[in-house]
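Reader: I'm new to reading protein structures, and I'd love some help. Could we go through this one together, one question at a time?

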Amino acid sequence: MAVLLVAGVARALRSCWRAAAQTARLAIGIPDYDVYVDHLRRHHRGREPMDRDTFFRERMQSRYARGSSRCC
């Protein structure tokens with residue numbers, strides 16, 4: 001019984017940590033590669049996901065290549 005309780009607590013802590021990390025990345029503007037890959041696998045089964053480096057380059061280009069910066 002205690003082992004199951006500890007396993008459940010550990011699982012809940014991992015889940016909370018992942019959610020907090022994802023929220024922090026979104027707050028500072030870092031795209032989440034794992035969410036992108038999961039989305040592609042669920043909704044666009046025929047498409048091959050970009051590798052991690054290509055994904056980040058493309059997202060940064062998309063975000064900062066607008067010609068002018070903005071503060072908010």
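Author: Happy to! Keep in mind that this is a predicted model. Let's begin with a charged pair: the side chains of Glu 58 and Arg 59 meet in a salt bridge, 3.2 Å from N to O. Glu 58 has a relative accessible area of 33%, so Glu 58 counts as partly exposed.

Reader: And its partner: what is the relative accessible area of Arg 59, and which class does that give?

Author: The class depends on two cut-offs, because buried means under 20% and exposed means over 50%, with partly exposed in between. Arg 59 has a relative accessible area of 32%, so Arg 59 is partly exposed.

Reader: How many salt bridges does the structure hold?

Author: You have already met the one between Arg 59 and Glu 58. Another joins Asp 34 to Arg 52, and Arg 42 forms one with Asp 38. The count for the structure is three.

Reader: Which helices does the bridge between Asp 34 and Arg 52 link?

Author: In this salt bridge, the closest N and O atoms of Asp 34 and Arg 52 are 3.6 Å apart. The two residues are 18 apart in the chain, and the pair links distant parts of it. Asp 34 belongs to residues 33–43 and Arg 52 to residues 52–64, which are helix α2 and helix α3.

Reader: Is Arg 52 buried, partly exposed or exposed?

Author: Let's use the cut-offs again: a value between 20% and 50% falls in the middle class. Arg 52 has a relative accessible area of 43%, so the label is partly exposed.

Reader: About how many helical turns separate Arg 42 and Asp 38?

Author: These two form a salt bridge whose closest N and O atoms are 2.7 Å apart. Asp 38 is partly exposed, with a relative accessible area of 38%. Because Arg 42 and Asp 38 are four residues apart in helix α2, the separation is about one turn.

Reader: Let's look inside. Which residues make up the largest nonpolar core?

Author: A general tendency helps here: in soluble globular proteins, nonpolar side chains tend to be buried together. In this model the largest nonpolar core has five residues, namely Tyr 33, Tyr 36, Val 37, Leu 40 and Phe 55.

Reader: Which helix gives the largest share of this core?

Author: Tyr 33 and Tyr 36, both core members, lie in helix α2, three residues apart, about one turn of the helix. The largest share of the core is four residues, and the helix they come from is α2.

Reader: How many aromatic pairs are there, and how are the rings of Tyr 33 and Tyr 36 arranged?

Author: The count comes to four aromatic pairs. The rings of Tyr 33 and Tyr 36 have their centres 5.9 Å apart and their planes at 45 degrees. That angle is neither under 30 degrees nor over 60, so this pair is tilted.

Reader: Are Tyr 33 and Tyr 36 buried or exposed? And what is the arrangement of the rings of Tyr 36 and Phe 55?

Author: Tyr 33 and Tyr 36 are both buried. The rings of Tyr 36 and Phe 55 have centres 4.7 Å apart and planes at 25 degrees, so this pair is stacked.

Reader: Which residues do the ring pairs link into a cluster?

Author: Tyr 36 in helix α2 and Phe 55 in helix α3 are 19 residues apart, so to speak a link between distant parts of the chain. Both are buried. The cluster linked by ring pairs is Tyr 33, Tyr 36, Phe 55 and Phe 56.

Reader: Which residues does Asp 32 touch, leaving out those up to four places away in sequence?

Author: Asp 32 lies in the loop between α1 and α2. Its relative accessible area is 14%, so Asp 32 is buried. With residues up to four places away left out, Asp 32 touches Gln 22, Arg 25 and Phe 55.

Reader: Now the outside: which residues make the nonpolar surface patch of about 310 Å²?

Author: One member, Leu 13, is found in helix α1, residues 2–28. Leu 13 has 57% relative accessibility, so it counts as exposed. The patch is made by Leu 5, Val 9 and Leu 13.

Reader: How far apart in space are Trp 17 and Asp 38?

Author: Trp 17 lies in helix α1 and counts as exposed because its relative accessibility is 65%. Trp 17 and Asp 38 are 21 residues apart in sequence, and their C-alpha to C-alpha distance is 18 Å.

Terms used:
Residues numbered from 1 in each chain as written. Predicted model: local features only at pLDDT ≥ 70, side-chain atom pairs only at ≥ 80, totals over all residues. Heavy atoms only, no water. Patch = residues over 30% accessible without salt bridge, like charges linked within 9 Å, V, L, I, M, F, W, Y side chains within 5 Å. Areas by Shrake-Rupley, 256 points an atom, 1.4 Å probe, with all protein chains shown as cover. Salt bridge = Lys/Arg side-chain N within 4 Å of Asp/Glu carboxyl O. Buried < 20%, exposed > 50% of the residue type's maximum accessible area, 1.4 Å probe, protein only. Core = buried A, V, L, I, M, F, W, Y, C linked by side-chain atoms within 4.5 Å. Phe/Tyr/Trp six-rings, centres within 6.5 Å; stacked < 30°, edge-to-face > 60°. Contact = heavy atoms within 4.5 Å.
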